[in-house]
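Me: Please take a close look at the empty space in this model. I would like to know where it lies, what lines it, and what kind of residues do the lining.

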Amino acid sequence: MARATCTEFCWTNGRGQDMLGVEYLPAGGKPPAASLLWLHGICEHSGRYAPVFQHIAELGVAVYTFDAHGHGRSHPQEPGERCLINRFDDLVDDTYSFVSVIEQQRRCARLEPCVIGGQSMGALVAAHAALRNQDRWAGLVLHSAAMGVVWTMLLRAQAAVGSLLAALIPRAQLVPAVKPEDLHHDPKVVEAFKADSLIFHGALRTRSANEVLKGMRALEPRVPQMKLPLYVMHGMRDLTTSFDAIDDFVRRAGSTDVTFIKVEDGLHELLMGDERIPNATAIAEWCTRHCAEAAAAKAAQRSPGPKPEPKL
């Protein structure tokens, strides 16, 4: 199989921050059969999924992704600004700014049909972005989606005063983050996570955690409005994001085309380790099928109907 081409580029979001963007395109200039815009989770960066994106692109699906502000190689890079989310909607705004950059600078054409998706917090952002303009997307992929958290007594106590902490000490790292050992069964995946210098390690900042919680709460009443085709995968032993929350999302969504894969022994990371390639293949195949269906539906809308018979 020919290697896909990977190109990194810099772009600027609406707040003047320099951001890292990456595109993975099928080899040899072959037109992609579909497109996927992917958003990573909190504290991490898009480069963690490079083998996944490479494989998806080799199957004919163009992948576009970027490091969220304050994450990975995107700015700001100052220590006190890393992994700081001042406003959840900034993440959604940046998603649409990135789409504009792709269309205007990278492709010079409208990026459609395209599926939007993400991992963990990225899936939550993707759901909000999809609801902002559902006509814009061919489908929504939710991997280990952060529609809710696995609540502990400490998290409940902090959530009760989350807005106060976020206002008084926004940069303080007080909110417990994911334990690396809870990410994956494979120790090699866990050690790679610990050794990755682009990951923001340690507890979450109070402002960031509170904004993500606000994003979860803001989505909850809007779930029935979701009409897009859904591809959902979640580990039933995920100790980071709540399986019950995504199960509730799927049941309440207004979508009629739903693929929900429940991984019985799965933890939070389902795109790492030995399952990476089969799960990436499933995403690529789903994107290809749904982008083709979206393109056909758009073409049918544009084509004129049969002319009425002339009256005699």
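Reply: Elements here are DSSP runs numbered from the N terminus, a helix being H or I over at least four residues and a strand E over at least two. The model is predicted, so local features need pLDDT of at least 70 and side-chain atom pairs count only at pLDDT 80 or more, while totals for chains, interfaces and linings use all residues. Residues are numbered from 1 along each chain as its sequence is written, and side-chain values use heavy atoms, with hydrogens and water left out.

The space was searched on a 1 Å grid over the protein atoms alone: a pocket is an open set of points with protein on both sides within 12 Å along at least five of seven lines, a cavity is a set where a 1.4 Å probe fits but cannot get out, and lining residues have an atom within 4 Å of a point.

The largest pocket holds about 930 Å³, a volume being the space filled by probe spheres on grid points joined across faces, edges and corners. Its lining takes in 45 residues, and Pro176, Ala177, Val178, Leu204 and Thr240 are the ones nearest the centre. Helices α4 (153-160), α5 (162-168) and α7 (206-219) are the elements that give two or more residues to this lining. The biggest share comes from α7, with 7 residues. Sorted by class, the lining of the largest pocket has 26 nonpolar, 14 polar and 5 charged residues; Ala, Val, Leu, Ile, Met, Phe, Trp, Tyr, Cys and Pro count as nonpolar, Asp, Glu, Lys and Arg as charged, and the others, Gly among them, as polar.

The second largest pocket has a volume of about 350 Å³. Of the 19 residues that line the second largest pocket, Trp137, Ala138, Ala294, Ala297 and Lys298 lie nearest its centre. This lining divides into 9 nonpolar, 3 polar and 7 charged residues.

As for closed space, the whole structure contains 1 cavity of 30 Å³ or more. The volume of the largest cavity is about 90 Å³. Its walls are formed by Leu39, His40, Phe66, Ala68, Leu91, Asp94, Thr95, Met121, Gly122 and Val125. Helices α2 (88-107) and α3 each supply at least two residues of that lining. By class, the cavity lining has 6 nonpolar, 3 polar and 1 charged.
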